[in-house]
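Please open the model in a viewer and keep the selection tool at hand. The tour below proceeds stop by stop, naming what to select and what is found there.

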Amino acid sequence: MKHLLIQERWKDFIDVLSIIAPIICLFDCIVLPAMAILLPFVSVKQMMHGISDQMIALVVLGICMTAILPGFLRHRSRRVLVLFGSGISLLFFVSFAGERLDQAVHVAMTLAVSFLLIKANLENKKLLACSCHHHHH
């Protein structure tokens, strides 16, 4: 019983992180560059920005995947998997091409990534909460 309670709390924690992870991406790609304008060491931030994008993309992938994949194995919703795959694919595209993209395009794509991943996680959570068997995914 205690093991199930701990497992449920861990699952809830991962679910919350899977929503927060895309927001971290937004923070890194939108808020930090805006703040860097105010800092005297902008060149250091610019040099590290590309590397941090890939590290954040890997963290987001790891967090979201631990929430989405076990859920997908239970509910088999292709929609959730397509939203997740689209979001992660766009995330990695933006993280590797970010410096070559126009800033407005970079921001728009980052917003799209966050929307796709948050939408996938919310739909995944909704399907997992539904205990009915009248719909097949």
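Two cavities of 30 Å³ or more are counted in this structure, which is a predicted model. Begin at the second largest cavity, which holds about 40 Å³ of space. To display its lining, select D15, S18, I19, A67, N121, N124 and K125. Helices α1 and α4 (103-129) each contribute at least two residues to this lining.

**Stop two: D15 and its partners**

Keep D15 selected. With a relative accessibility of 9%, D15 falls under the 20% limit and therefore counts as buried. Now add K11: the two residues form a salt bridge, with their closest N and O atoms 3.0 Å apart. Both belong to helix α1, where they are separated by four residues, about one turn of the helix. K11 is partly exposed, at 30% relative accessible area.

Next, add K125, another residue of the cavity lining. K125 also forms a salt bridge with D15, and here the closest N and O atoms are 3.4 Å apart. This pair connects distant parts of the chain, since K125 is in helix α4 and D15 in helix α1, 110 residues apart. K125 has a relative accessible area of 41% and is partly exposed. With K11, D15 and K125 shown together, a network of salt bridges is in view.

**Stop three: from α4 to α3**

How many salt bridges does a search of the whole structure find? The search finds four. For another of these, select R79 and E123, whose side chains meet in a salt bridge with an N to O distance of 2.9 Å. R79 lies in helix α3 and E123 in helix α4, so this pair ties together parts 44 residues apart in sequence. E123 is buried, with a relative accessible area of 10%.

**Stop four: helix α3**

Select residues 78-97, the 20 residues of helix α3. At 1.5 Å a residue the helix should span 28 Å, and the distance between its end C-alpha atoms, 28 Å, agrees. To see which of its residues are buried, colour V80, L83, F84, G87, I88, L90, L91, V94, S95 and A97.

**Stop five: a surface patch**

Finally, return to helix α1 (residues 2-36), and select V16. At 47% relative accessibility, V16 counts as partly exposed. Add I20 and I24 to complete the view: with V16 they make a nonpolar surface patch of about 230 Å².

Technical notes: Residues numbered from 1 in each chain as written. Predicted model: local features only at pLDDT ≥ 70, side-chain atom pairs only at ≥ 80, totals over all residues. Heavy atoms only, no water. Expected span 1.5 Å × (residues − 1). Buried < 20%, exposed > 50% of the residue type's maximum accessible area, 1.4 Å probe, protein only. Patch = residues over 30% accessible without salt bridge, like charges linked within 9 Å, V, L, I, M, F, W, Y side chains within 5 Å. Areas by Shrake-Rupley, 256 points an atom, 1.4 Å probe, with all protein chains shown as cover. 1 Å grid on protein atoms, 1.4 Å probe; cavity = no way out; pocket = protein on both sides within 12 Å on 5 of 7 lines; lining within 4 Å. Points joined across faces, edges and corners; volume = space filled by probe spheres on them.
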